Structure formats: C-alpha cells, structure tokens
Amino acid sequence: MIDFFVRIVEMFRQQPDITRMGFLSTFFRVVPESFTDADEIEYDIVRSGAEIAPAVPNLNAAAVSIALDKFTNKKVEFPTYTLDSPADIHALMARRPGENAYLTGTGAVNWLARLADTLVPAFAKMMRMLRNSIEYQAAQVLQTGKIELTDENNVTTYAENFFPKATHFPTVSISWGASGADPVQDCKNLINVIRKDGFVDVKRLVFGEAAWDKFFRDTWVQDNLKQDYLGVGGLDPRLADKGAAYMGCLFIGQYKVELWCYDGFYTPWKTTSAVNFLDPDKVLFLPELPSLDFRRYFGGYPNIKIDPVFDPLFGNKIPIDNEYDFFARVYMDEKRRTYIGEVGSRPFMCPVSIDRYGCLTTVV
C-alpha cells in the first residue's frame, strides 16, 4: 500500500511539466502571502503624481500642506475551479499485457496499480487544464485589464474589472501593414504614456503573431533590429522556455526594448478550435519584472476527504515549485462503484501596478 502511494504521488508530480508553460503568467510573481486559506483577497491600488515641492519665502514662513495620494481599496472573491475524473471498477477489469487474472500471489492482479494507471493520466490532464486557465486569466488581465470567466455552458460566472486607464489600451489610427501606417511611432506613443503614468521604462514588447509579421516588414525596423541571439544569456532567465520566442532588441526613441513573439494557445471548453492566448493583432508593453507589481494569489479550498484510505496519496494541498497551489483527493462513490479523482484550485491574477503596462491593438 505504501509503495503504491509513493509511486502514484511521484507520477502525479512529474506528469504535468508546467514549468515550461505559461509565458504570460510568468509576469505575475508569487509573494509570501500568495498562498492563503481566505475566501477573498483585499489590496490597495495607489496612484501618485510627479509634483515638485514649492519653495517658501524664508524659514519663518508656514509650511505648504499637501494632500495624500488617493488609493483604491478592492476586495475580490477568488474564482473557483474544480475538475474530476471517474474510474469505475468495471474499467479496471480489462487485462493488461503480461497479466493473468487467474494467478494468485505475486502474479495476481494489482488492483491498486491499475487504479493508479487510470488516475494519474486523469490528474495530469486536469492539472494542465487548470494551468491553462491560469494563463488565460493572465492573458485577459494583460490585454483588457479585466477577468471574465465562464462555466461549462459558456455563461459568465466570474467578472472582475481592475479599471485601467483607457489610454493604456489604444487602437492604432491606421492598421499596421496598410499604406501610411507607422508601427514604430505607434509603439513610441504608448511607451511614453506608460512612462508618464507609471514612472517606469517599457523594457519588453510581446507581439501576437500577426502583429510581429507586420512590424518586422517595416523597413526601419529591418534596418535597426538587433537580432543579438548570442546575447540571450543576458535575458531574464524566468522567461526562458515558457513558450515565447525572443526576436531581438530595438531602440525606440531613448528606450531599448526586447522584442518577443508569443503564439501559445488553448482550446475552449467543448470545442476543438485553437485560440491564441495573446490576440495575434495585439502587442503587450511591459517594464522589467522587478518594476511590475503583478501578483499571483491562491485562495482557500476546503478539501474534505471522504475515504481516509487515500489520505497519504496527496495530502491537503500540492504546491508545485512554489508557483501553483492545487488541491487533490480521491474518493469512492460506493453506490456507483466508482473511484473519483478530483483537483481544484482558486487562482487569482492581480495587477497591482495597473499603470505600468499597456496593450496596443494594431488593426482598426
């Protein structure tokens, strides 16, 4: 029994290679309070200006009173995801290669091993689905400043608006690729807006596939792009092997920016059509990771175990690489003679520094 538990736990942890997934969610960092047992998350957004201090006539003059920066307090309930996969007893009857159901002792059927072989792939798939949902949240925040989630019937069940400034999500006046379009100036304009509002330099542009194709066709870009692939070692290692491609760097005005292209995709529930996380016609504008206060939170998830036999299997929760928090359990529906594997999570992608990024739509 113990060997079975050890085996299935190791298989479960190794199956979903989530360390190589999720380029956009990489920009949402884990903080000490990321993993909570709370039902809601509360945080403050502070917007500050760039005023200078006025001078007073002399030392005897009264001080000039200032007003404190305004802030917005938000209290948000964590969204909830729960998936399960049944393994009915009859399905375990199918003979595996090399097995003989008529033998006893060491040659007898190992029913727990068969259950493990059934549940582990199911857990791996559910983990991938949850991981894709986290990336989907990040993609929504970065492109719209909102999160909107739907249930299995495509009905909106969760909506949160972070109220970013509309000037950070502009649409070009002339579609890229059309006569008279100026992609570089469009980028420079949004870079300057983010610098003014967020007091940070844009360090990174992340292109959708179509936007990159049109941007690269610009003759000025072709003449000035530095495809310094020998210098990739100087890139932030947290962005490596996350599904995006580094395309080089470019000076836009006084700013040196890294250029990335991201075409990661997902499949909406009950469909077979692939959809890009990043709209192919959009470009994300981001500062360096230390300057971007985006946070990844995981809320509380009551995990009541019905069958104590499986307690050693997963424990109460499964944090993976200090990046994700999943709750798993196995229980039996005795009436249906079915074992059910279940995974749940309550992730929330929170853009605290709401004025420090933007998204440009490159088609009118």
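**Exercise 1. Surface and overall make-up**

Task: Find how much area the protein exposes and what share of it carbon and sulfur atoms supply.

Solution: Start with the surface. In this predicted model, the protein exposes about 19,500 Å², and carbon and sulfur atoms supply 52% of that area. Next, turn to the inside: 45% of the 364 residues count as buried. Then list the secondary structure, which comes to six helices and 17 strands. Finally, look at the contacts with a separation of 6 or more: 75% of them join residues 24 or more positions apart.

**Exercise 2. Laying out a sheet**

Task: Work out the order of the five strands in the open sheet, and say which strands stand at the edges.

Solution: Read across the sheet and you get β7-β8-β6-β11-β17, with mixed pairing. Now check the ends. β7 (244–252) and β17 (358–361) each have a single partner strand, so one side of each has no neighbour in the sheet. From one strand to the next, the twist averages 25°.

To see what "mixed" looks like here, take β8 (residues 255–262) and go through its partners. With β7 it pairs in the antiparallel sense over eight bridges. With β6, β8 runs parallel, joined by four bridges. As a reminder, strands of a sheet pair through backbone hydrogen bonds, in either a parallel or an antiparallel way.

You can now place individual residues. On the β7 side, Ala 245 stands opposite Cys 261, and Gly 248 is opposite Leu 259. On the β6 side, Val 206 has Trp 260 as its bridge partner. Where β7 turns into β8, the hairpin has two residues between the strands, and Gly 253 takes a positive phi near 65° there. Last, note the cover on β8: seven of its eight residues are buried.

**Exercise 3. Helices on the sheet**

Task: Find which strands helix α4 lies across and which of the α4 residues are buried.

Solution: Begin with α3 (residues 183–198), which packs on the sheet and touches β6 (204–207), β7, β8, β11 (282–286) and β17; its direction makes about 155° with that of β17. Then move to α4 (residues 209–217), which lies across β6, β7, β8 and β11 and runs at about 130° to β8.

The buried residues of α4 are Ala 211, Trp 212 and Phe 215. They cover an arc of only 100° around the axis, so they sit on the same side of α4. The helix geometry helps here: with 3.6 residues a turn, residues three or four places apart point the same way. The elements covering these buried residues include α3, α5 (219–224) and β6.

**Exercise 4. The nonpolar cores**

Task: In the largest nonpolar core, which residues touch the most other members?

Solution: The core has 60 residues, and Phe 23, Leu 24 and Phe 348 touch the most other members. Helix α2 (residues 111–144) gives the largest share, eleven residues. Now zoom in on Phe 23. Setting aside residues up to four places away in sequence, Phe 23 touches Glu 135, Val 206, Leu 239, Lys 242, Ala 244, Trp 260 and Tyr 262. There is also a second, separate core of 26 residues, with Cys 187, Trp 212, Leu 225 and Leu 259 among them.

**Exercise 5. A covered strand**

Task: Sort the residues of β16 by the way they point.

Solution: Pro 347, Met 349 and Pro 351 point one way, and Phe 348 and Cys 350 the other way. This fits the general pattern, in which side chains of a regular strand alternate between the two faces of the sheet. Then check the cover: five of the five residues in β16 (residues 347–351) are buried. For its pairing, β12 (residues 294–298) runs antiparallel to β16 with five bridges, and Arg 296 stands opposite Met 349.

**Exercise 6. Three residues to inspect**

Task: Are Glu 342, Phe 199 and Lys 270 buried, partly exposed or exposed?

Solution: Glu 342, in strand β15 (residues 338–345), has a relative accessible area of 10%; that is under the 20% cut-off, so Glu 342 is buried. Among its contacts beyond four places in sequence are Thr 82, Asp 84, Arg 329 and Tyr 331.

Phe 199, in the loop between α3 and β6, is partly exposed at 38%. Lys 270, in the loop between β9 (265–266) and β10 (275–276), is exposed at 64%. Now compare the backbones: Phe 199 has a positive phi of about 60° although it is not a glycine, and Lys 270 also has a positive phi of about 60° without being a glycine.

Notes. Residues numbered from 1 in each chain as written. Predicted model: local features only at pLDDT ≥ 70, side-chain atom pairs only at ≥ 80, totals over all residues. Heavy atoms only, no water. Pairing = 2+ DSSP bridges. Axes fitted to C-alpha atoms, helices over the stretch in contact; angles between N-to-C directions. Contact = heavy atoms within 4.5 Å. Buried < 20%, exposed > 50% of the residue type's maximum accessible area, 1.4 Å probe, protein only. Arc of directions from axis to C-beta. Core = buried A, V, L, I, M, F, W, Y, C linked by side-chain atoms within 4.5 Å. Areas by Shrake-Rupley, 256 points an atom, 1.4 Å probe, with all protein chains shown as cover.
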